[in-house]
Amino acid sequence: MRHGKKFNHLGRTASHRKAMLSNMAVSLIKHKRINTTLAKAKALRVFIEPILTKSKEDTTPNRRLAFSYLQDKEAVTELFREIAPKISSRNGGYTRIIKTGFRLGDAADTALIELVDFNEIYNSGDTSKKTTRRSRRASTTKKVDTETVNEVTSDEQDDLNLENKEVNSTDK
């Protein structure tokens, strides 16, 4: 019985599941994105995100812990040298799962799982975007800059009011 066991067994024995997730994690670290089934992608996210969190601090115990999960020296080296500096400012959510449809052979849900900080398409657009917003309708009145209004003192405001009154009286 599986009472209270929340992780997906993926139809495999414990040793097979551990080996499969380890191999998938190594592939994700080396290639930065992989295609797999949706269930495996969700299981891989639960498997790899704690390892990525540990990699943010480069210590010998953390390297040994990562190696015990991954069993690949090159993957551990790449994890600590290339991936860890990029994800150091992120507080979790290191992976993104994108559903890609159904597999032809067995109609299984397929997905793309990738490391968030290594997708140039999404990240390049974020840095070049402007933060100003524009309204749909064009305003006919000239907008006054708020900084210049705040800099005007009360004496200058009185002078401006007098000038406006003089201009308005001469126009009539």
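1. A salt bridge here is a side-chain nitrogen of Lys or Arg within 4 Å of a carboxyl oxygen of Asp or Glu. With that in hand, welcome to this structure, which is a predicted model. Counted by that rule, there are 7 salt bridges. As background, side chains of opposite charge can pair when their charged atoms come close. Several of these pairs come up below.

2. Let's start with the overall layout. The chain holds 7 helices and 3 strands. Going along the sequence, these elements follow the order α-β-α-α-α-β-β-α-α-α. Of its 172 residues, 28% count as buried. If you look at contacts between residues at least 6 apart in sequence, 56% of them join residues at least 24 apart.

3. Now to the strands, beginning with β3. Strand β3 covers residues 109-115, and 6 of its 7 residues are buried, so the rest of the structure largely encloses it. Which strands pair with β3? Strand β1 does so through 5 bridges, and the two run antiparallel. Strand β2 (residues 95-102) also pairs with β3 in the antiparallel sense, over 7 bridges.

4. Two positions help you find these pairings on screen. Threonine 36 stands opposite alanine 111 of β3. On the β2 side, glycine 101 has threonine 110 in β3 as its bridge partner. The hairpin of β2 and β3 has 6 residues between the strands, and there alanine 107 takes a positive phi near 60 degrees.

5. Threonine 37 is a good residue to click on next. It sits in strand β1, which spans residues 33-37. Is threonine 37 buried or exposed? Its relative accessible area is 11%, under the 20% cut-off, so threonine 37 counts as buried. Setting aside neighbours within four places in sequence, threonine 37 is in contact with Arg103, Ala108, Asp109, Thr110 and Ala111. Thr110 and Ala111 belong to the 109-115 stretch that forms β3.

6. Arg103, a contact of threonine 37, also takes part in a salt bridge. The side chains of arginine 103 and aspartate 106 meet at 2.9 Å, N to O. Arginine 103 is partly exposed at 39% relative accessibility, and aspartate 106 is partly exposed too, with a relative accessible area of 48%.

7. The salt bridge between lysine 30 and aspartate 72 has a separation of 3.2 Å, N to O. Why does this pair tie together parts of the chain that are 42 residues apart in sequence? Lysine 30 lies in helix α1 (residues 14-31), while aspartate 72 lies in the loop between α3 (60-70) and α4 (73-87), so the pair links those two places. Lysine 30 is partly exposed, at 36% relative accessibility, whereas aspartate 72 is buried, at 14%.

8. Two further sets of charged residues deserve a look. Arginine 63 and aspartate 58 form a salt bridge through their side chains at 2.8 Å, N to O. Arginine 63 has a relative accessible area of 27% and is partly exposed; aspartate 58, with 48%, is also partly exposed. In addition, a network of salt bridges links Arg33, Arg96 and Glu114. By position, Arg33 falls in β1, Arg96 in β2 and Glu114 in β3.

9. Back in helix α1, have a look at serine 22. Serine 22 is buried, with a relative accessibility of 7%. Leaving out neighbours within four places in sequence, its contacts are Phe47, Tyr69, Leu70 and Gln71. Phe47 turns up again in the next point, as a lining residue of the largest pocket.

10. Finally, the largest pocket. Rolling a probe the size of a water molecule over the atoms shows where empty space is left. The volume of the largest pocket is about 270 Å³. Its lining is made up of Phe7, Asn8, Ala14, Arg17, Lys18, Leu21, Ala39, Lys42, Ala43, Val46 and Phe47. The elements giving two or more residues to this lining are α1 and α2 (38-55). Which element gives the largest share of the lining? Helix α2 does, with 5 residues. Sorted by class, the lining has 7 nonpolar, 1 polar and 3 charged residues.

Key: Residues numbered from 1 in each chain as written. Predicted model: local features only at pLDDT ≥ 70, side-chain atom pairs only at ≥ 80, totals over all residues. Heavy atoms only, no water. Helix = DSSP H or I, 4+ residues; strand = E, 2+ residues; numbered from the N terminus. Buried < 20%, exposed > 50% of the residue type's maximum accessible area, 1.4 Å probe, protein only. Contact = heavy atoms within 4.5 Å. 1 Å grid on protein atoms, 1.4 Å probe; cavity = no way out; pocket = protein on both sides within 12 Å on 5 of 7 lines; lining within 4 Å. Points joined across faces, edges and corners; volume = space filled by probe spheres on them. Nonpolar A, V, L, I, M, F, W, Y, C, P; charged D, E, K, R; others polar. Pairing = 2+ DSSP bridges.
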